[in-house]
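Welcome, and thanks for taking a look at this one with me. Below is a short tour that moves from a pair of rings to the sheet around them.

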Amino acid sequence: LTDLIAISVDCVSNESTMSIHTRWENPKYDTTEWDEIQRKYNGLKSTREEIEEIEKEEQEHLDALQEEVSRQNREKRAQDILDGEGSDDSVDSEDEDRAFFEEYRKKRLQEMQAKAQGDVFGEVLHIDATQFKREVSEEKKVPIVVHLFKPGLDASDLMAKCVASLAKKFKNIKFVKIVYNNCIQNYPESNLPTLLVYNKGDVVQQLVGLAQFGGWRTRPKDVEWVLSQGGVLQTSMTSDPRMEHAEAIKSRPRGTVGGDDSDDSDME
């Protein structure tokens with residue numbers, strides 16, 4: 001019994017001392033009830049405290065770096081003056097140094113805060129009607145893509161693959177899925193799949209069916225493009241990938257019948 005208690009204590013200790021980096025890389029630790037219990041009873045810092053601690057360390061590092069660069073610049077200017085190759089413009093130069101490092105500091109802190117507050121999802125959350133208000137309607141901090149689907153429906157399965165791929169790629173966006181008639185009573189099955197895009201609690205896009213994405217040829221990048229046109233995400237693509245479907249149809253030999261041309265390799 002003593003050995004079992006010791007093992008249990010070690011497990012709790014290991015969980016409670018998990019590094020902040022591990023927590024950011026595994027966001028579930030900041031969202032589960034278990035983590036909240038650990039924070040409360042094992043003396044863990046809150047997420048805000050962890051961010052502030054890292055900001056403080058970053059500031060100390062930047063201050064030290066700024067002082068070292070300023071020192072080297074002062075030494076170089078002094079040597080230039082002694083050698084007759086420069087003038088005593090140290091005041092202006094130091095002001096420039098301070099302005100540069102202040103701008104650099106702000107940029108670094110913005111990047112850190114974006115990292116801490118973004119990239120917190122990474123997968124599709126399956127919800128039901130009782131969770132919709134909390135997970136979607138009342139969530140106003142991040143964009144949300146809601147996939148209305150029917151289990152076993154081919155069109156829904158195709159869209160589910162695309163949505164899952166995008167959730168992994170755009171971890172700052174919340175992707176959820178819900179059975180269509182559990183979300184909207186009497187919603188037509190013929191409208192599936194449907195994507196509802198929320199931003200700050202309001203619906204900004206309602207995307208019904210597969211046709212606008214590319215029909216049965218729909219790939220993740222087709223869905224990504226359409227969502228980007230609504231402003232929910234930023235894509236690196238510069239042209240509409242759905243045009244590739246039209247080119248594929250044009251290049252098909254005459255007399256052939258179109259079918260399911262989707263390629264699983266495009267799902268990554």
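Let's begin at Tyr198, which counts as buried because its relative accessibility is 10%, under the 20% cut-off for that class. Keep in mind that this is a predicted model.

**The aromatic pair**

How many aromatic pairs does the structure hold? There is 1 aromatic pair. Its members are Phe132 and Tyr198, arranged edge-to-face with 6.1 Å centre to centre and 70 degrees between the planes. The pair links distant parts of the chain, since Phe132 belongs to helix α6 (residues 129-137) and Tyr198 to strand β4, 66 residues apart. Phe132 has a relative accessibility of 14%, so this residue counts as buried too.

Here are the accessibility values for three residues discussed in this report.

| Residue | Relative accessibility | Class |
|---|---|---|
| Phe132 | 14% | buried |
| Tyr198 | 10% | buried |
| Val179 | 22% | partly exposed |

**The chain as a whole**

Stepping back, the protein chain has 10 helices and 5 strands. Of its 268 residues, 34% count as buried. Among contacts with a separation of 6 or more, 63% come from residues 24 or more positions apart.

**The sheet**

In which order do the strands of the open sheet stand? The order is β1-β3-β2-β4-β5, 5 strands with mixed pairing. β1 (124-126) and β5 (202-208) are at the edges with a single partner strand each, so one side of each has no neighbour in the sheet. On average, neighbouring strands are turned by 25 degrees against each other, direction ignored.

As a reminder, strands of a sheet pair through backbone hydrogen bonds, in either a parallel or an antiparallel way. Strand β2 offers an example of each. With strand β3 (residues 174-179), β2 runs parallel, joined by 6 bridges. The chain gets from β2 to β3 by way of helix α7 (residues 154-169), and this β-α-β crossover is right-handed. With strand β4 (residues 194-199), β2 pairs in the antiparallel sense over 5 bridges.

If you would like to trace the pairing residue by residue, His147 is a handy place to start. Its bridge partner in β3 is Lys177, and its bridge partner in β4 is Leu195. Val145, also in β2, stands opposite Phe175 in β3.

**How β2 is covered**

Is strand β2 mostly covered or mostly open? β2 (residues 144-149) is mostly covered, with 6 of its 6 residues buried. Both of its faces are covered: one side carries Ile144, Val146 and Leu148, and the other carries Val145, His147 and Phe149. Helix α9 (residues 220-229) lies across β2, β4 and β5, and runs at about 140 degrees to β5.

**Around Phe149**

The ring of Phe149 has a charged companion: the charged end of Lys177 sits over this ring, 5.6 Å from its centre. Phe149 is also touched by Val179, a residue of strand β3. Leaving aside residues up to four places away in sequence, Val179 touches His126 and Pro151 as well. Why does Val179 count as partly exposed? Its relative accessibility is 22%, and the buried class is reserved for values under 20%. Finally, Val179 and Ala129 are 50 residues apart in sequence, while their C-alpha atoms are 8.9 Å apart in space.

Technical notes:
Residues are numbered from 1 along each chain as its sequence is written. This is a predicted model: local features need pLDDT of at least 70, side-chain atom pairs count only at pLDDT 80 or more; totals for chains, interfaces and linings use all residues. Side-chain values use heavy atoms; hydrogens and water are left out. Buried means under 20% relative accessible area, exposed over 50%, partly exposed in between (1.4 Å probe, protein chains only). Helices (H or I, at least four residues) and strands (E, at least two) are DSSP runs, numbered from the N terminus. Two strands pair if DSSP finds at least two bridges between them. A crossover is right-handed if, with the strands pointing away from the viewer, the path from the first strand over the helix to the second runs clockwise. Axes are lines fitted to C-alpha atoms, for helices over the stretch in contact, and angles run from 0 to 180 degrees between N-to-C directions. Contact means heavy atoms within 4.5 Å. Rings of Phe, Tyr and Trp (its six-membered ring) pair if their centres lie within 6.5 Å; planes under 30 degrees apart count as stacked, over 60 as edge-to-face and the rest as tilted. A charge sits over a ring if NZ of Lys or CZ of Arg is within 6 Å of the ring centre and within 35 degrees of the ring normal.
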